[in-house]
Amino acid sequence: MATSHPEFDKHTTGTEVAEAFSGQIQGKNVIITGVGPNSLGEALALAIGSQQPANLFLASRTEAKVQQVADEVRKLYPEVSIESVALDLASQKSIHAAAAHIQGLTDRIDILINNAGVMLLKPEKTEEGIEMQFGTNHIGPFLFTNLLMPQLKNAAKLSESGSTRIVNVTSAGYQISPIRFHDYNTEGKEVPLDERPPDRVPAMFNMEAPGYNGWIGYGQSKTANILFAMYLSHNLAKDGIVSYGVHPGSIETGLSRSLDDNGNEVISKTNDFWKTADQGAAGMLVAAFDPNLKSVSEPSAVYLADCQFDELQPHATSLDVAERLFHLSEELVGMEFPL
Ligand SMILES: NC(=O)c1ccc[n+]([C@@H]2O[C@H](COP(=O)([O-])OP(=O)(O)OC[C@H]3O[C@@H](n4cnc5c(N)ncnc54)[C@H](OP(=O)(O)O)[C@@H]3O)[C@@H](O)[C@H]2O)c1
């Protein structure tokens with residue numbers, strides 16, 4: 001499997017990708033989570049909004065920020081229908097309400113972009129007591145996606161197989177940690193060898209320090225984004241739905257807002273090429289709209305970086321681990337989701 005535009009790379013912008021896939025965007029119902037000024041969600045909304053989707057649902061936790069982006073898109077593209085949806089992924093009650101809100105507005109969702117996320121170095125918990133990064137970055141989107149599955153399946157029935165997509169925004173930071181089944185709240189408990197950070201993780205991430213390590217929490221949550229995409233693609237192929245995990249690159253957004261100077265210094269060393277938000281959005285748009293990506297050639301072929309497929313580290317390639325994570329996630333939301 002290859003993308004239809006092998007020339008797209010780290011320099012390509014979301015605006016360019018949206019123009020290239022204009023025909024695939026027109027008439028679609030698209031949900032983007034995590035939208036506010038100076039975020040990747042804003043860049044996604046602007047790029048998709050430029051190509052006449054039927055409806056854009058912008059779901060995020062700070063109403064004023066979503067409104068600001070909605071107004072910006074409306075000003076540029078007045079013909080686009082935009083709905084703001086209140087969604088706090090750190091609260092399962094809020095996720096149920098947000099899904100019900102969307103279900104009241106449409107019975108068809110063509111594209112779901114699970115983009116919202118947090119990066120934290122101090123321990124915090126969701127309303128349900130789940131470590132905040134695992135909860136917000138994976139468990140929340142897991143519940144949101146599964147609650148909206150009837151609308152995604154309905155869209156898939158009405159369109160060409162493989163054009164209904166679920167895009168999980170992950171990070172190259174997934175390389176820091178496998179899923180810690182014996183310590184998913186990242187409390188620093190002893191875990192089996194295959195759940196520990198791989199040996200190659202750079203020393204700056206402080207793997208040996210006792211107690212909570214937010215880098216591990218972030219890495220685990222981003223591995224979960226990939227494994228969730230893998231499980232969805234594998235089990236929803238029969239319905240004509242495909243899912244991908246996309247690393248956007250390094251972009252100066254609000255993501256590092258809660259890091260201290262030391263944390264920001266670590267982040268600054270993770271890349272020497274910093275993208276604009278529009279460039280950061282490009283790969284997600286390839287995953288969502290490239291007509292070549294209508295099926296997955298093998299379970300682990302679900303990861304894109306810089307607009308092209310990329311190899312995964314071993315801890316993010318196993319369908320068995322993806323299934324185990326799916327069931328752990330079901331337990332943590334208290335619901336079962338047979339696909
Ligand atoms: N920027 C990068 O270099 C980079 C690199 C790799 C991966 N990523 C991934 O890209 C995605 C987007 O991040 P970004 O860089 O655009 O960061 P950002 O500017 O901080 O945007 C994150 C968005 O998620 C929203 N959000 C946070 N917690 C939420 C919650 N509990 N419920 C609902 N929405 C919530 C934020 O809303 P508020 O502003 O209202 O809090 C914000 O709109 C994340 O998944 C991140 O892991 C980013």
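Hi everyone, this is a short tour of how helix 8 packs against two other helices, followed by a look at the ligand site. The model is predicted, so local features need pLDDT of at least 70 and side-chain atom pairs count only at pLDDT 80 or more, while totals for chains, interfaces and linings use all residues. Residues are numbered from 1 along each chain as its sequence is written, and side-chain values use heavy atoms, with hydrogens and water left out.

Let's start with helix 6, residues 132–147, and helix 8, residues 214–236 (helices are DSSP runs of H or I, at least four residues, numbered from the N terminus). Their axes are 7 Å apart and the packing angle is about 20 degrees; axes here are lines fitted to C-alpha atoms over the stretch in contact, and angles run from 0 to 180 degrees between N-to-C directions. Helix 6 and helix 8 are therefore roughly parallel, the word for angles under 35 degrees.

Now, how does helix 8 meet helix 11, residues 319–333? Their axes come within 9 Å and cross at roughly 100 degrees. That makes the two roughly perpendicular (65 to 115 degrees). On the helix 8 side, the contact (heavy atoms within 4.5 Å) includes Leu227, Met230 and Tyr231, and helix 11 brings residues including Leu319, Val321 and Phe326.

Finally, the ligand. It is surrounded by 33 residues (a heavy atom within 4 Å), and the closest are Leu40, Arg61, Thr62, Tyr218 and Thr253. Which backbone atoms lie by ligand oxygen atoms? A backbone N or O atom of Leu40 is 2.8 Å from one, a polar backbone atom of Gly254 is 3.0 Å from one, and for Gly117 the distance is 3.5 Å.

Conventions. Angles under 35 degrees count as roughly parallel, over 145 as roughly antiparallel, 65 to 115 as roughly perpendicular and the rest as oblique. A polar contact is a pair of N or O atoms within 3.5 Å; within protein, one must be able to donate a hydrogen and the other to accept it, and residues adjacent in sequence count only if both atoms are side-chain atoms.
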